[in-house]
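Subject: Handing over a structure

Hello,

I am passing a structure on to you, together with some notes to help you find your way around. Please open it and keep it beside you as you read.

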Amino acid sequence: MKITNKYLVESLVFFSYVLFAMAWVGGTASMDQIMASMQIDSLASASFISGAVTLAKIVGTFGAALITIKFGVKYAFLIASLLIVSGLMTPFSPNYELLLISRFFMGLGGAFMIVYFNPIVMRWFTPEERPVVNGLNAVAFNVGTAIILWFMADINQLTGGWKASLTLFSLSSLLLAIAWLLVKFETETSSNQQTTTDTAHYSYMDGLKDKFNWAYGFTYSGLLSFYICLFTFYPKAGISQSKWVIGFGILGTIAGILYSKRKPLRLPVIRFSGVIITLTIFGLSFSTDAWIQTLSAIVLGFFIFFPVTALVTLPHEIPNMTGQKITVVFSLFYSISYLFSTLVLWIFGKLVDINGGDYSASFILITLISTTFFIGSYLLPETGKAKELKPCEA
């Protein structure tokens, strides 16, 4: 039996990443219990886990294209899936070192997988279908995160505890990895696929010389920096509205999918959303009114994800794009963004320390950094084509 239906293929991709998010965020949510079970109470040890995660994302996103070139998209995605399954070690780690390895390899798998979305979408779906599929893939992590944030206690009650829950997530990922082996890649081509094959070589060096990749990574880097800060530092600053960002992010993605199908131009929605994102980050960070902070978080969550469909679809529409090239493009896109955000997070925390626990300077920094989304929209090419009006519509 071989899986040749593109909607089944997309279901495997989507739910693989949803389960990664559930295992990842579920492990983070259970970290206190995990550390307690090992009798580890060092904050330095806990922060080292976070550092290992960041390193996994940088290494994984940068190296993802090399794995694809060596093994092909099908087996590269399988490798990513099996790395995610290594999260099975997390609830049963007998020591801190194995826990660290487990989280690192799991994060590495997630970093690989997010890059592989794009060559898979290019291979299986027509240009008209790609905005919808790209939007669905973009919301997968939020869906998994939302399930954990809202229902982890219920899941634990159903399974009998956090260990059983994390085990269930990993075993479910294993089942999807096995199902992925049935996907037929060898002869699958789309009737609308470009006739250009992947023989047109586009190396990492080509990618690093391509100004588009730097502009593309720059555009997303400020938004990613804020998003990581939101869950890393904002709760410590007494701002706890992050769950609203996640929830309304799902609605924003759905709205973005519908918008991108009706409005083919990509830059206006990125530009418009960039302005609202910066304004609502300011409201969330500097308002002392809980109601304004909650409203800012709701609007912010919606507009962080509203333009994502347009953003991730943009490279797909560049002329002569191939599966190999788009893998390199997104590999560099995420690694550039994560490198930038890692530096921003360090500066953010350093400013808090320098100012004796006062977050004001750090909030100013992250608000200014978020403007890269708006500024970057002027550095990117417009790849969408405006629909021509018929004479009777003019």
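Below is what turned up, starting with the whole chain and moving on to particular places.

Before anything else, please keep in mind that this is a predicted model.

The whole chain

The protein chain has 15 helices and 0 strands. Of its 394 residues, 54% are buried. The accessible surface comes to about 17800 Å², and carbon and sulfur atoms account for 68% of that. If you look at contacts with a separation of 6 or more, 83% of them are between residues 24 or more positions apart.

Helices 4 and 5

These two make a nice pair to look at together. Helix 4 has 29 residues, which should span 42 Å at 1.5 Å a residue, and the distance between its end C-alpha atoms agrees at 42 Å. There is still a bend of about 30° at Tyr116, with a proline, Pro119, following within four residues. Helix 4 is also mostly covered, since 23 of its 29 residues are buried.

Helix 5 covers residues 130-159, which makes 30 residues. A straight helix would reach 44 Å at 1.5 Å a residue, but the end C-alpha atoms of helix 5 are only 37 Å apart. Where should you look for a kink in helix 5? Go to Phe151: the kink is centred there and comes to about 75°. Just after helix 5 you will meet Gly160, which has a positive phi of about 105°.

Thr68 and its contacts

Tyr116 also comes up when you visit Thr68, a residue of helix 3. Is Thr68 buried or exposed? Its relative accessibility is 11%, and the cut-off for buried is under 20%, so Thr68 counts as buried. Apart from neighbours within four places in sequence, Thr68 is in contact with Val73, Ala76, Tyr116 and Thr327.

Salt bridges

How many salt bridges does a search of the whole structure find? The search gives 2. As general background, side chains of opposite charge can pair when their charged atoms come close.

One of them joins the side chains of Glu129 and Lys6, at 2.8 Å from N to O. Glu129 sits in the loop between helix 4 and helix 5, while Lys6 belongs to helix 1 (residues 6-29), so this pair ties together parts that are 123 residues apart in sequence. Glu129 is partly exposed, at 21% relative accessibility. Lys6 is partly exposed as well, with a relative accessible area of 21%.

Another is formed by Glu317 and Arg266, whose closest N and O atoms are 2.6 Å apart. This pair links distant parts of the chain, 51 residues apart: Glu317 is in the loop between helix 12 (308-313) and helix 13 (323-354), and Arg266 is in the loop between helix 9 (242-262) and helix 10 (267-286). Glu317 is partly exposed, with a relative accessible area of 24%, whereas Arg266 is buried, with a relative accessible area of 4%.

Two asparagines in loops

While you are at the loop between helix 12 and helix 13, have a look at Asn320, which lies there too. Asn320 is not a glycine, yet it has a positive phi of about 60°. At 56% relative accessibility, Asn320 counts as exposed.

Asn95 is found in the loop between helix 3 and helix 4. With a relative accessibility of 31%, Asn95 counts as partly exposed. Asn95 and Ser37 are 58 residues apart in sequence, and their C-alpha atoms are 9.4 Å apart in space.

A nonpolar patch on the surface

Which residues form the nonpolar patch on the surface? They are Leu82, Leu88, Phe92, Leu171, Leu174, Leu175 and Ile178, and together they have about 630 Å² of accessible area. Helix 6 (residues 162-180) gives the most to this patch, with 4 residues. In a helix, residues three or four places apart point the same way, because an α-helix has 3.6 residues a turn. Leu82 comes from helix 3 (residues 43-85) and is partly exposed, with a relative accessible area of 44%.

If you would like a place to begin, try the kink centred on Phe151 in helix 5, then go on to the salt bridge between Glu129 and Lys6.

Enjoy exploring it, and best wishes.

Definitions and conventions:
Residues are numbered from 1 along each chain as its sequence is written. This is a predicted model: local features need pLDDT of at least 70, side-chain atom pairs count only at pLDDT 80 or more; totals for chains, interfaces and linings use all residues. Side-chain values use heavy atoms; hydrogens and water are left out. The expected span of a helix is 1.5 Å times one less than its number of residues. The bend at a residue is the angle between axes fitted to the seven residues ending there and the seven starting there. Buried means under 20% relative accessible area, exposed over 50%, partly exposed in between (1.4 Å probe, protein chains only). Contact means heavy atoms within 4.5 Å. Accessible areas come from the Shrake-Rupley method with a 1.4 Å probe; for residues, only the protein chains shown count as cover. Patches are made of residues with over 30% relative accessible area and no salt bridge: like charges are joined within 9 Å, nonpolar side chains (Val, Leu, Ile, Met, Phe, Trp, Tyr) within 5 Å. A salt bridge is a side-chain nitrogen of Lys or Arg within 4 Å of a carboxyl oxygen of Asp or Glu.
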